[in-house]
Amino acid sequence: MLNVRALRFNYVYWARHDYRHWYQFGWVPVTVYAMNLPGFLAGRSLLTPLTIYAGQTSDYKELALNIANFPKFLQLAFPTAVLDHYELLKRGLMVLTCLILLAGFWCLRRLDLIPQRFLVVATWSFWTCTMFLPSMHDRYSYFVMVMLALVALLDRRMIGVVLVSIGISTVLYLRYLLNADAAIDLWPLAIIQIINYCGFTAGTFLHPQPEYLHSFR
């Protein structure tokens, strides 16, 4: 759900500069519930989209599942400490995610969110959620990979970041599909993905002017 909230924060910032777009904010709950219609027809509660993530963090009791992100790095680097202090770390990572998002949105005050830059910021918002929230798994990152692919089409600086991220996502899925947990070590993948995310963050905020591919100029 923080993914949805991140998009809302982005949209609120954008709408501040052009109030004609405020009505489009209402599409957020409409699309969330429309996408979950099969689940509702199968008997799920209407509150499920709001509560399912909280339930997942209670059910699995793991900082990260099959994903290369910051919680997975902590889980592999300090397995005993993570197991002993799961609840504290879980809440701490949620707070950390919110603080990173707020810091990013604060930095956006000085930027003009043109559509191309808005796409990059929205991608960063979603990726921040999957990078730092607890109990994430590879399926949470699929939408991030789609967004990154779109960014790469607009900004050639991000092509390397996108290729590395999609490559890691593919390896993670193969790890799950082939039941190859022992054969594929997530430790180096987590470190590479964290560095990759930091590079994308630097490109988003420190050098926000996209370098367009020739066909998009």
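**View 1. Cavities in the predicted model.** By the counting rule used here, this predicted model holds two cavities of 30 Å³ or more. The largest cavity has a volume of about 90 Å³. If you would like to find this cavity for yourself, start from I67, A68, S141, M145 and Q193, which lie nearest its centre.

**View 2. The lining of the largest cavity.** Thirteen residues, 13 in figures, line the largest cavity. What classes do the lining residues of the largest cavity belong to? Seven are nonpolar and six are polar, and there are no charged residues in the lining. Two helices to look for here are helix 8 and helix 10 (159-177), each of which supplies at least two residues of the lining. Which helix gives the most to the lining of the largest cavity? That is helix 10, with four residues.

**View 3. Helix 7 beside helix 8.** Here we turn to a pair of helices, one of which also helped to line the cavity: helix 8. Helix 7 spans residues 86-107 and helix 8 spans residues 115-132. Their axes are 9 Å apart, and the two helices pack at an angle of about 160°. An angle over 145° counts as roughly antiparallel, and helix 7 and helix 8 are therefore roughly antiparallel to each other. The crossing of helix 7 past helix 8 is right-handed.

**View 4. Side by side: the residues between helix 7 and helix 8.** From helix 7, the residues in this contact are L93, L96, T97, I100, L101, G104 and F105. They meet W124, S125, T128, C129 and F132 of helix 8. Sorted by class, the residues of this contact are eight nonpolar and four polar, with no charged ones.

**View 5. Helix 9 beside helix 10.** Now for another pair, which includes the helix that gave the most to the cavity lining, helix 10. Helix 9 covers residues 142-154, and its axis and that of helix 10 come within 9 Å and cross at roughly 155°. Helix 9 and helix 10 are therefore roughly antiparallel to each other. Helix 9 passes helix 10 in a left-handed crossing. On the helix 9 side, the contact is made by Y142, M145, L148, A149 and A152. On the helix 10 side, look for I159, V162, S165, I166, S169 and Y173. How many of the residues in the contact of helix 9 with helix 10 are nonpolar, polar or charged? Nine are nonpolar, two are polar and none is charged. You have already met one of these residues, M145, as one of those nearest the centre of the largest cavity.

Key:
Residues are numbered from 1 along each chain as its sequence is written. This is a predicted model: local features need pLDDT of at least 70, side-chain atom pairs count only at pLDDT 80 or more; totals for chains, interfaces and linings use all residues. Side-chain values use heavy atoms; hydrogens and water are left out. Axes are lines fitted to C-alpha atoms, for helices over the stretch in contact, and angles run from 0 to 180 degrees between N-to-C directions. Angles under 35 degrees count as roughly parallel, over 145 as roughly antiparallel, 65 to 115 as roughly perpendicular and the rest as oblique. A crossing is left-handed if the near helix is turned anticlockwise from the far one by less than a right angle, and right-handed if clockwise. Contact means heavy atoms within 4.5 Å. Ala, Val, Leu, Ile, Met, Phe, Trp, Tyr, Cys and Pro count as nonpolar, Asp, Glu, Lys and Arg as charged, and the others, Gly among them, as polar. On a 1 Å grid over the protein atoms alone, a cavity is a set of points where a 1.4 Å probe fits but cannot get out, and a pocket is an open set with protein on both sides within 12 Å along at least five of seven lines; lining residues have an atom within 4 Å of a point. Grid points are joined across faces, edges and corners, and a volume is the space filled by probe spheres set on the points.
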